[in-house]
Amino acid sequence: MKVGFLGLGIMGRPMARNLLKGGHDVVVWARRAESMAPLAEAGATTAASAADVARQVEVVISMVADAPDVEQVMLGEHGVAGGASANPAGLVAVDMSTIAPAAARDIAAKMQAKGIDFLDAPVSGGEVGAIAGTLSIMAGGSAAAFAKARPAFDCLGKNVVHVGDSGAGQVAKACNQIVTGMGVLAVAEAMCFAQQAGADPAKVREALLGGFAYSKILENHGQRMLDRNFKPGFKSWMHQKDLNIVMHSAHALGLMLPGAAATAQMFNAMVGSGLGEEDSIAVLKLLEKLSGQQ
Ligand code: NAP
């Protein structure tokens, strides 16, 4: 299948590579030419704009940052919608970034008005899952659009779920961020507590991995906390963005989410204290600082 990929950052780069490995004909675009170079070397075709990609492919995927970025690459000048009209085969547009469910529904409606099927299909599994092609993919939109994009999804993820109509994928992703946000904070608190209370955090992690406290976050992020490897991964400002999505949606629904609210405050403080570009596990550093720990 001819697949387009827009946005070649931490996640987009390995995802586009996995589409190539899966035998798809891949056309890429990124706003900085240097981001496209490694994909071109790996066999992808480069394009001049998102519109240029949309003219050539059956399915186009974006992996950018937040809702204004998705709006820009889909509906802005030289965006997907501009090129789709010159695509005789018809086009399914898929956004795999994490944005608010309401924004995803709004973009889907605007795309539909231009005759373009749009899926929200955010992912979980991090950079590791993007590289391994083992992401969890949660999609919202029509069954027909999902079926058309499915061969691409199968190269990117192991757990591919059509959650429901437009926005349902982003609702699932917001739920994912409630769990993972609190999970990262919980593991950081445990590591901080172990250290201060006089036990070796590495041994504590090892002991916890065999019981009900087991999680991928304890296993992977716990080890990275022990290694003090704060290279992103998943940037703290992105996790702040995701918890803001949760808190805004909860506000609109009149929902009380006390754990997510406290976690959102921690990520606000991380960005405020200059840790925004570090991995979200750097929440450990903030806890240590607030606790007067070295
Ligand atoms: P990233 O490394 O910052 O990559 C984002 C890419 O999108 C960058 O290369 C950026 O281009 C490009 N971009 C942003 N706005 C754009 C715009 N308006 N027009 C064109 N290109 C634009 O971030 P990431 O970690 O790959 O995350 C991408 C998305 O996946 C986010 O929504 C994030 O929440 C979600 N996500 C991330 C992870 C993770 O573990 N990293 C896991 C699950 C979901 P420049 O390089 O020019 O800035």
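Trainee: Which loop is G233 in?
Mentor: G233 sits in the loop between helix 11 (216-226) and helix 12. Helices here are DSSP runs of H or I with at least four residues, strands are E runs of at least two, and both are numbered from the N terminus. Keep in mind that this is a predicted model: local features need pLDDT of at least 70, side-chain atom pairs count only at pLDDT 80 or more, and totals for chains, interfaces and linings use all residues. Residues are numbered from 1 along each chain as its sequence is written, and side-chain values use heavy atoms, with hydrogens and water left out.

Trainee: OK, and what kind of peptide bond joins P232 and G233?
Mentor: A cis one, with omega at about 20°. For background, most peptide bonds are trans.

Trainee: Which ligand atom does G233 meet?
Mentor: A nitrogen atom of the ligand, which lies 3.0 Å from a backbone N or O atom of G233. That is a polar contact, meaning a pair of N or O atoms within 3.5 Å.

Trainee: And how far is the ligand from I10 and R32?
Mentor: For I10, a backbone N or O atom is 2.9 Å from a ligand oxygen. With R32 the side chain does the job: one of its N or O atoms lies 2.6 Å from an oxygen atom of the ligand.

Trainee: How much of the ligand does the protein cover?
Mentor: On its own the ligand has 890 Å² of accessible area, and the protein covers 90% of that. Those areas come from the Shrake-Rupley method with a 1.4 Å probe.

Trainee: How many residues surround the ligand?
Mentor: There are 24, and the closest are I10, R32, V64, A65 and Q72. To count, a residue needs a heavy atom within 4 Å of the ligand.

Trainee: Which helix gives the largest share?
Mentor: Helix 4, with three residues. Helix 4 (67-75), helix 7 (126-132) and helix 12 (236-253) are the elements that give two or more.

Trainee: New topic: where is H78?
Mentor: In the loop between helix 4 and helix 5 (80-84). Its phi is near 60°, a positive value in a residue other than glycine.

Trainee: Last one: how do strand 8 and strand 9 run?
Mentor: Parallel, with six bridges joining strand 8 (residues 135-140) to strand 9 (residues 157-164). Strands count as paired if DSSP finds at least two bridges between them. One bridge matches S136 with N159 in strand 9.

Key: A polar contact is a pair of N or O atoms within 3.5 Å; within protein, one must be able to donate a hydrogen and the other to accept it, and residues adjacent in sequence count only if both atoms are side-chain atoms.
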